[in-house]
Amino acid sequence: MTEAILKKIKQLPPLPESAMQIEAVYQNPDSTFNDMVKILEKDPLLTADILKAANSPLYGFSREINAISQAVGLFGMGTVRGFALASIVKKSFPLDLSPYGISNEMFSTLSKKQHALVTAWCLRKENKLMGVLSPAAFLVEIGKVLIAQQIIAESKQGEFREALEKLKDVEEAEKEVVGADTPEVSSLIFSQWKFESSLVDVIAHCEDPEKAEDEDTKRAAKILHVVRVSVPMNGVVTEESIAAAKELIAKYELDLESYETAIENL
């Protein structure tokens with residue numbers, strides 16, 4: 001990790017009060033469905049963002065979701081927490097992903113597709129992991145924002161494009177040019193913001209899940225790894241990306257049948 005990126009992480013502004021309140025409710029074992037709804041309804045702009053995300057065609061609901069209570073009921077507190085945190089966090093950064101050759105809209109679509117795949121694949125059979133998987137799927141790529149800033153600051157756009165072409169691997173290119181990859185930077189951002197250790201650890205280990213210490217973190221990191229391979233940086237799911245993801249599913253002994261249904265729907 002370069003000193004320059006560490007400095008950028010340490011200089012990040014604190015998250016707004018709305019994010020802290022959402023986290024407090026979510027982390028409190030005595031909190032209820034209604035507690036989460038009340039916190040979210042206090043922020044009309046955040047409510048609008050959540051409902052817009054929840055009504056994406058990617059989730060396949062036939063009826064429009066018109067209220068936060070309806071969204072929490074359909075998706076659960078963990079997933080709606082993911083919607084909310086994604087909205088808040090992405091407004092905390094000026095976005096310029098041009099070093100990666102993708103637009104801000106493509107970057108947003110990437111996160112939405114990765115989250116939609118996690119939700120369709122895991123909401124029923126891996127529900128206990130959704131509290132960490134939902135925000136992780138939405139936010140794992142946020143490290144690219146700071147990496148892109150550093151590439152631009154050091155005028156290394158050409159060097160980075162050459163590394164991407166040569167290595168055919170985004171994380172390897174990031175490490176070669178700036179000394180850190182997306183999961184590493186993302187996990188440090190959320191550690192700086194005092195997010196729970198389980199979320200930080202899942203993101204940190206999503207490229208090498210076997211290094212995670214506890215079994216739930218390891219399983220969630222494996223799922224996140226499969227999702228990131230399925231939906232690559234440009235957000236376009238291909239036969240090649242699905243084949244690579246299925247190899248990982250076999251290796252990790254995850255649920256292939258549910259995955260095939262989810263990726264077909266996506």
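## Two serines and two helix pairs

At 59% relative accessibility, Ser155 counts as exposed, because exposed means a value over 50%. The model described here is predicted. Ser241 makes a contrast: with a relative accessible area of 8%, Ser241 is buried. Two helix packings complete the briefing: helix 8 with helix 13, and helix 10 with helix 11.

**Ser155**

- Ser155 sits in the loop that runs between helix 9 (143-153) and helix 10.
- Glu247 is 92 residues from Ser155 along the chain. The C-alpha atoms of Ser155 and Glu247 are 37 Å apart.

**Ser241**

- Ser241 belongs to helix 15, which covers residues 239-252.
- Ser241 counts as buried because its relative accessible area is 8%, and the cut-off for buried is under 20%.
- Leaving out residues up to four places away in sequence, Ser241 touches Val229, Ser230 and Pro232.
- Ser230 also takes part through its backbone oxygen. That oxygen lies 2.9 Å from a polar atom of the Ser241 side chain.

**Helix 10 and helix 11**

- Helix 10 spans residues 157-167, and helix 11 spans residues 170-178.
- Their axes come within 8 Å and cross at roughly 140 degrees.
- Helix 10 and helix 11 are therefore oblique to each other, since only angles over 145 degrees count as roughly antiparallel.
- The crossing of helix 10 and helix 11 is right-handed.
- From helix 10, the contact involves Glu159, Phe160, Ala163, Leu164, Lys166 and Leu167. From helix 11 come Val170, Glu172, Ala173, Glu174, Glu176 and Val177.
- Sorted by class, the residues of this contact are seven nonpolar, no polar and five charged.

**Helix 8 and helix 13**

- Helix 8 covers residues 130-139, and helix 13 covers residues 197-204.
- The two helices pack at an angle of about 55 degrees, and their axes are 9 Å apart.
- Helix 8 and helix 13 are therefore oblique to each other. Roughly parallel would need an angle under 35 degrees, and roughly perpendicular one of 65 to 115.
- Helix 8 crosses helix 13 in a right-handed sense.
- Helix 8 brings Val132, Pro135 and Ala136 to the contact. Helix 13 brings Ser198, Leu199, Val202 and Ile203.
- Six residues of this contact are nonpolar, one is polar and none is charged.

Note on methods
Residues are numbered from 1 along each chain as its sequence is written. This is a predicted model: local features need pLDDT of at least 70, side-chain atom pairs count only at pLDDT 80 or more; totals for chains, interfaces and linings use all residues. Side-chain values use heavy atoms; hydrogens and water are left out. Helices (H or I, at least four residues) and strands (E, at least two) are DSSP runs, numbered from the N terminus. Buried means under 20% relative accessible area, exposed over 50%, partly exposed in between (1.4 Å probe, protein chains only). A polar contact is a pair of N or O atoms within 3.5 Å; within protein, one must be able to donate a hydrogen and the other to accept it, and residues adjacent in sequence count only if both atoms are side-chain atoms. Contact means heavy atoms within 4.5 Å. Axes are lines fitted to C-alpha atoms, for helices over the stretch in contact, and angles run from 0 to 180 degrees between N-to-C directions. A crossing is left-handed if the near helix is turned anticlockwise from the far one by less than a right angle, and right-handed if clockwise. Ala, Val, Leu, Ile, Met, Phe, Trp, Tyr, Cys and Pro count as nonpolar, Asp, Glu, Lys and Arg as charged, and the others, Gly among them, as polar.
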